[in-house]
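Student: Hey, can we go through this structure together? I'd like to start with the ligand.

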Amino acid sequence: MCGIIGYAGLSPALPYLLKGLEQLEYRGYDSAGVAVMDGGGARVVKSVGSTSRLKEKVSGQTFTGGLGIGHTRWATHGGVSEENAHPQSAGPLYIVHNGIVENERVLREELQSRGAVFFSETDTETIVHLVHRAMEEGKSFPESVRSVLPLLEGAYSFLMAHADPAEPLVAVHRGAPLLLGSCSHGVFVASDMTAFPGEVHSMIPLEVDDMVLIRCDGRFEILSLDDRRERKPEPIRRNPYAVHGKGEFSHYMFKEICEQPAMLDRILASRIRREEERLSVCFSPDAEKVLSGVRRIRIVGCGTSYHAGLFGKYRIESLAGIPVEVDIASEFRYRDPVLDPASDLLVALTQSGETADTLAALRMARDAGVPTLALVNAEGSTAAREADATILLDAGPEFGVAATKTFLSQIALLTLIGLYLASDDRLREREGKSREEILSDFLKIPALLDKALSLSAGVIDIARSLGEVSTVLFMGRGGDFPLALEGALKLKEISYIHAEGYAGGELKHGPLALVEKGTPVISLLSPDEKLILKMVSNMKETLSRGAFLISIGSERHQEEFSSVSSMSLALPDCPPLFFPLVSAVPLQLMAYHTACFRGLDVDRPRNLAKSVTVE
Ligand code: AGP
């Protein structure tokens, strides 16, 4: 993970590095650091914590150098400390690095046996020592960098600067994303285009094995390990919904939860087409092409995206009758999934479009000749570029580490994919309604999300009751089961309360042993006549063991569930097909308020990062 940025140009580098690092903090915020080549040598400043701490440290100092590198860290090798913060150095060389050098231990031992002295526990430091050694053997700086690349195993990228600003800034892409952007005063290179200032209008996404030499006069050369490569710049399309800042909201997460009604309205307006008074679902021609004739869907994702994928399985199988398999991407890539190019479509779910395991699964399918479709939020991300077709989540940027609005967008789009693939007859048979009627119902859901948001007083009461507990169980059946998993993930990741989600019928197969007097059990009850009584029975089973029952259901069934619950929330009624979209809102709010009651950093939970670019 980690975010890296470099600048070589005519303006002082430091303000650009600091601004860029703030934008890259979603990749990690354990520590931050910069090195600026400032005439007489390099000036390095590092601090534990986020860029704001680094900014405090450099304030009042003047850095005039026009060549510099910066880093925001998510610790992999070595604890969170200033020693392990980047840049790391050896001799006149300074490096910032994203990714992992897998054979770090062997390299370190070999370097140490030949006299190298290490100051950190990072794998990064091995790279800079190796390059330094190559220079001491007489190679030029760029040649030295190139010569060590074959020794390094793993997926990574790095930027390396020399204390002499006459030397180029060297950028290397070996599997972790790196983009090059230029403007009138210089050249930027960063993990993500959000780190580029507004004056950068075009960028070149670097490819694996690219090495770039960047000079302060704005010249750059892109080299591969073997030869020179040509690349065409692409225009940068800034997201029209990229409203930065929290505005009147206390946290990004809260703002992002509240943005969901407008977001869903926007998504449905662009995906549900009205022609001669008939409604239908539409996607881009590329997406419709990969969806046409599909006989089996393989969904991959991690974390929240995986939960959204599970929800997609319930909806697509039931609406369209097409088999769907869902895998955690990190498992998919290391087992031997049986892929069939003639029938399969691989759908990669990823908010960031940069999750290492999801990208690996996507590439595996592509290499096996299976068509690929990416559902991504980050336009221009690696998944969006590498998949045969893309459906954008259109959620607008999500800054809170906890995925909220992108989850809602994912489950809404997967429902739309199910509706797109379904035949009219099957829809009538399964849902008892025409496509027209179902899509009209869907268009009413954003207003119900608004109503769900307005129930905040009840949610806050529930959150207060969770403030001191140590374990919470979530349960649901059907489409509510993935929601139970997601509700538990939201609660644990930002409130640090142990939480697990289960299918309602599963509790008595083991987890019920956890229930004792006062254990909170949160039940999700879509208004599905087939499942509601089964759920109420499961709730009673926990109640007899002393559970503190909290239920979230629809007004229609309020009587059934509130009579057995200690606390309950009745959400506006809607077809069961869409109910989990509405109940996602109180689940998110519950996690949010619980974390606030516990005084935690909601937007930046400990140990996590927004984009997980290592496996
Ligand atoms: C969710 O709140 C988490 N931040 C995390 O599980 C996330 O969904 C996961 O890392 C996958 O990210 P992606 O959607 O960007 O691939």
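Tutor: Sure, we'll take the ligand and then a sheet.

Tutor: This is a predicted model, where local features need pLDDT of at least 70, side-chain atom pairs count only at pLDDT 80 or more, and totals for chains, interfaces and linings use all residues. Residues are numbered from 1 along each chain as its sequence is written, and side-chain values use heavy atoms, leaving out hydrogens and water.

Student: Ok, which residues come nearest to the ligand?

Tutor: Of the 15 around the ligand, Ser 305, Gln 351, Ser 352, Thr 355 and Glu 493 come nearest. Here a residue is near if one of its heavy atoms lies within 4 Å.

Student: And where does the ligand lie?

Tutor: Domain 2 (245-443) and domain 3 (450-609) both give residues to its shell, so the ligand lies between them. Those bounds come from an automatic or database domain assignment.

Student: What's 2.7 Å from an oxygen of the ligand?

Tutor: A backbone N or O atom of Gln 351. A polar contact is a pair of N or O atoms within 3.5 Å; within protein, one must be able to donate a hydrogen and the other to accept it, and residues adjacent in sequence count only if both atoms are side-chain atoms.

Student: New topic: what's the strand order in the open sheet?

Tutor: The order is E5-E6-E7-E8-E12-E13, with antiparallel pairing. Strands (E, at least two residues) are DSSP runs numbered from the N terminus, and two pair if DSSP finds at least two bridges between them.

Student: Which strands stand at the edges?

Tutor: Strand E5 (88-90) and strand E13 (220-223); each has a single partner strand, so one side of each has no neighbour in the sheet.

Student: How many bridges join E6 and E7?

Tutor: Seven, in the antiparallel sense, and Asn 98 has Ser 157 in E7 as its bridge partner.

Methods
Helices (H or I, at least four residues) and strands (E, at least two) are DSSP runs, numbered from the N terminus.
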